[in-house]
Amino acid sequence: MAFLSMPCPYCEQSQTQVIEALWDDHYKTVRRYRVCPKCNYKWSTVEIDHDQARNLERQSLPSWREEKT
Ligand SMILES: [Zn+2]
C-alpha cells in the first residue's frame, strides 16, 4: 500500500508504516494506526475535515498550535 508516510514522532524516522486504517462512523473520521519500523513506536493519526479542524482550534489546543508554527 502506498501512503504518504509520516515521520515518527519519537525518533523522527521518515519512513513509517500504516498498519491499519479504520473509518469511524461516529466522528466521520479516518483513523490510521501507525508503527515506526526503526524504534517500534506506535501511534495513530486521525483525519478530520477542515471545519472540524477549525472547531478544534477554537476549543483551544495551544500546544498543538504552537508545534505547527
Ligand atoms: Zn521511531
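A residue counts as exposed if 12 or fewer other C-beta atoms lie within 10 Å of its own, and as buried if 20 or more do. Keep that in mind as you work through this predicted model.

**Exercise 1.** Decide whether Val-46 is buried or exposed.

*Solution.* Start by placing the residue: Val-46 belongs to strand β3, which covers residues 42-47. Next, take its neighbour count, which is 12 other C-beta atoms within 10 Å. The limit for exposed is 12 or fewer, so Val-46 is exposed because its count is 12.

**Exercise 2.** Find what Val-46 meets beyond its neighbours within four places in sequence.

*Solution.* With those neighbours set aside, Val-46 is in contact with Thr-29 and Arg-31. Now look at Val-30: it is 16 residues from Val-46 in sequence, yet their C-alpha atoms are 5.6 Å apart. For the strand pairing, note that β2 and β3 run antiparallel and are joined by six bridges. In β3, the residue opposite Val-30 is Glu-47.

**Exercise 3.** Trace how β2 pairs with β1, and describe the turns of the two hairpins.

*Solution.* First, the pairing: β1 (residues 17-24) and β2 (residues 29-35) are antiparallel, with seven bridges. Within this pair, Val-30 of β2 is the bridge partner of Trp-23. Then the first turn: four residues separate β1 and β2 in their hairpin, and Lys-28 in the turn has a positive phi of about 55°. Finally, the hairpin of β2 and β3 has six residues between its strands, and here Asn-40 takes a positive phi near 70°.

Note on methods:
Residues numbered from 1 in each chain as written. Predicted model: local features only at pLDDT ≥ 70, side-chain atom pairs only at ≥ 80, totals over all residues. Contact = placed C-beta atoms within 7 Å. Pairing = 2+ DSSP bridges.
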